[in-house]
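Here are a few exercises to work through with the structure open beside you. Try each task first, then follow the solution step by step.

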Amino acid sequence: MTTHRYDVVVVGGGIAGLSAAVSAAGVGARVGLLDRASEAETGGNTRYTEAYLRMRSTDEPAEGFTDALVDDFMGHPDPGLTADAVLDRDRRSPLLRAHHVVDLDYVEAFADNAGPTLRWLESHGIAFAQLPTLFPTVSTTRLAPVGGGLALVETLGKRARDLGVDFHFETTARSLVVDPAGRVAGLHAADHSGAAVHFVGAVVLASGGYQGNPEMMARYHGDKALTCRPVARGGNYNKGEGIEMALALGAATAGNFALFHAEPVDPRSGDPEAAIMAFPYGVLVNEQGERFVDEARGPVDAWYERTTRDIQDQPHGIAWLVLDASASAVPTIRTAIRTVEPPVSGATVAQLAERIGVDAQALEGTVAAYNAACPEGEWDPTRPDGLATTGLTPPKCNWAKPIEVAPFEAYPVIAANVFTFGGLKVDATSRVVDRDGRTIAGLYAAGEMTGLYYSNYTGSTSVLRGATFGKIAGAHAASLVAAEG
Ligand SMILES: Cc1cc2nc3c(=O)[nH]c(=O)nc-3n(C[C@H](O)[C@H](O)[C@H](O)COP(=O)(O)OP(=O)(O)OC[C@H]3O[C@@H](n4cnc5c(N)ncnc54)[C@H](O)[C@@H]3O)c2cc1C
């Protein structure tokens with residue numbers, strides 16, 4: 001069997017893994033990085049994202065950053081357990097250290113390190129700018145790396161090579177190796193031919209979520225697994241082994257295993273992120289031709305995930321967005337409808353219904369009831385305008401404008417899985433925590449495979465946390481090795 005010896009072994013070549021590798025190699029550690037994908041496809045989800053970052057500027061997180069992450073935990077934790085949170089970590093009870101609850105130290109470390117991480121990425125050749133988003137209305141500020149996630153993968157990949165990191169593509173991590181002292185000392189993997197490869201070193205797991213694993217998806221999400229799919233090709237590489245390897249060692253969990261980050265996309269398209277974010281400007285109907293959700297509860301970036309979950313709850317996990325010709329007056333309509341598949345079009349609502357396979361009378365009835373409930377008033381597509389229906393169930397709280405101008409158009413919409421929420425519990429230095437609240441020596445995790453989100457994804461924080469905690473993990477793992485001489 002081939003054995004590769006490093007100080008630090010990184011699993012995964014997305015933003016979390018590359019940040020860990022560059023960070024560790026930057027302080028002199030010998031680093032090996034393995035990725036199950038080929039070099040042409042390495043980078044998982046990161047490769048396909050535009051990578052919006054919830055930042056006000058390169059140095060400052062967006063307003064309310066910490067609160068948004070903390071408030072996302074909608075559970076009712078036992079105050080008898082969480083009272084210990086005021087103590088230093090080592091003095092907290094093992095129950096709290098391993099508790100499945102949002103970790104305030106972690107969130108604080110995230111906020112404190114986000115800006116310095118972006119400056120660090122700049123020092124490695126990444127530029128940031130306020131680039132336009134696909135959202136017609138927004139609730140927060142965002143930056144993005146120029147060139148998106150692909151620029152992160154390519155620029156950091158080159159930097160890692162310059163620093164001497166060895167890349168092992170088409171090499172899949174399978175299980176962790178633990179020494180007699182209980183310390184993670186490496187891992188077993190399989191190379192492109194299926195041959196066993198042994199990697200020696202402290203391990204940083206950065207292999208993404210489990211959205212590419214139908215068995216795990218069904219295990220945690222039941223029937224909903226069947227009607228969704230990864231939002232882009234890269235997610236198919238994330239099959240959850242990193243999570244399972246650590247769980248097998250007794251790792252604690254964080255994040256909501258019942259949910260994933262959902263985005264509304266056109267199921268007809270094979271393009272990455274064929275998003276349809278224009279739902280507030282029309283009505284969403286299910287296969288029965290019925291409305292089922294308030295399409296316009298607030299800014300699109302804050303509500304699209306919850307609206308997508310409502311779509312996913314419909315029969316066959318699908319809905320149709322019905323628009324009329326006046327939607328073309330929305331200045332951002334072309335960017336909000338990213339699919340290149342043409343809409344289904346009809347000269348009348350009945351004709352449209354027939355073409356999308358919905359009962360014509362049902363759709364006509366739905367549109368008529370909606371139109372009758374729309375108020376007079378000034379319609380402003382650029383901000384939540386308060387133009388709300390009256391006496392309609394479910395209501396539509398903004399942008400309620402009759403659907404009456406031919407031609408009528410419809411797009412099919414399903415829930416795509418951007419990434420899964422359930423993952424490993426790590427502390428603020430990215431060390432994996434076990435179910436007895438101890439950190440597992442020699443084992444780190446960062447990015448999607450760590451748990452942070454519980455109810456509604458705090459938008460534009462996934463790439464940022466991958467970079468932030470990947471960098472922290474790499475530096476910590478390297479310092480550990482350096483300290484041991
Ligand atoms: C289209 C799209 C748009 C998005 N938009 C945004 C956005 O604007 N802002 C934002 O913050 N987030 C966004 N996200 C989410 C974000 O991109 C990801 O959550 C983040 O990039 C994940 O980084 P990661 O390093 O944890 O995982 P990934 O980038 O997915 O990398 C994981 C890597 O691990 C490898 N791997 C998996 N299993 C193994 C194994 N067993 N052995 C070896 N290698 C393995 C994979 O091949 C992959 O290269 C978007 C995602 C997509 C797909």
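One thing before you start: this is a predicted model.

**Exercise 1. Work out how helix 12 and helix 13 are oriented to each other, and list the residues that make their contact.**

Step 1. Find helix 12 at residues 349-356 and helix 13 at residues 360-373. Their axes lie 8 Å apart and the packing angle is about 130 degrees.

Step 2. Angles over 145 degrees count as roughly antiparallel, and 65 to 115 as roughly perpendicular. An angle of about 130 degrees is in neither range, so helix 12 and helix 13 are oblique to each other.

Step 3. Look at the handedness: helix 12 and helix 13 make a right-handed crossing.

Step 4. Now pick out the contact. Helix 12 brings Val349, Ala350, Ala353 and Glu354, while helix 13 brings Ala360, Leu363, Glu364 and Val367. Sorted by class, the residues in this contact of helix 12 with helix 13 are six nonpolar, no polar and two charged.

**Exercise 2. Do the same for helix 1 and helix 6: are they roughly parallel or oblique?**

Step 1. Helix 6 covers residues 148-162, and its packing angle with helix 1 is about 25 degrees, with the axes 9 Å apart.

Step 2. The cut-off for roughly parallel is an angle under 35 degrees, so helix 1 is roughly parallel to helix 6.

Step 3. As for handedness, the crossing of helix 1 past helix 6 is left-handed.

Step 4. On the helix 1 side you'll find Ile15, Leu18, Ser19, Ala21, Val22 and Ala25; they meet Leu152, Val153, Leu156, Gly157, Arg159 and Ala160 of helix 6. The contact of helix 1 with helix 6 has nine nonpolar residues, two polar and one charged.

**Exercise 3. Describe the shell of residues around the ligand.**

Step 1. There are 47 residues around the ligand, and the ones that come nearest are Gly12, Gly14, Gly44, Thr46 and Gly447.

Step 2. Check which elements take part. At least two shell residues each come from helix 1 (15-26), strand 2 (31-35), strand 6 (172-178), strand 15 (408-420) and helix 14 (462-483). Helix 14 gives the largest share, with four residues.

Step 3. Split the shell by class: 18 residues are nonpolar, 22 polar and seven charged.

**Exercise 4. Track down some unusual backbone spots.**

Step 1. Keep the usual pattern in mind: most residues other than glycine have a negative phi, and most peptide bonds are trans.

Step 2. Go to alanine 51, in the loop between strand 2 and helix 2 (65-71). Its phi is positive, near 65 degrees. Alanine 51 has 28 other C-beta atoms within 10 Å, so it is buried.

Step 3. Glutamate 170 also has a positive phi, about 50 degrees. You'll find glutamate 170 in the loop between strand 5 (166-169) and strand 6. With 16 other C-beta atoms within 10 Å, glutamate 170 is partly exposed.

Step 4. Finish with the cis peptide bonds. One joins threonine 393 and proline 394, with omega about -15 degrees. Another joins alanine 406 and proline 407, with omega about 0 degrees. Proline 394 is in the loop between helix 13 and strand 15, and proline 407 is in the loop between helix 13 and strand 15 too.

Technical notes. Residues are numbered from 1 along each chain as its sequence is written. This is a predicted model: local features need pLDDT of at least 70, side-chain atom pairs count only at pLDDT 80 or more; totals for chains, interfaces and linings use all residues. Axes are lines fitted to C-alpha atoms, for helices over the stretch in contact, and angles run from 0 to 180 degrees between N-to-C directions. A crossing is left-handed if the near helix is turned anticlockwise from the far one by less than a right angle, and right-handed if clockwise. Two residues are in contact if their C-beta atoms, placed from the backbone, lie within 7 Å. Ala, Val, Leu, Ile, Met, Phe, Trp, Tyr, Cys and Pro count as nonpolar, Asp, Glu, Lys and Arg as charged, and the others, Gly among them, as polar. A residue is near a molecule or strand if its C-beta atom, placed from the backbone, lies within 6 Å of it. A residue is buried if 20 or more other C-beta atoms lie within 10 Å of its own, exposed if 12 or fewer, and partly exposed in between; C-beta atoms are placed from the backbone.
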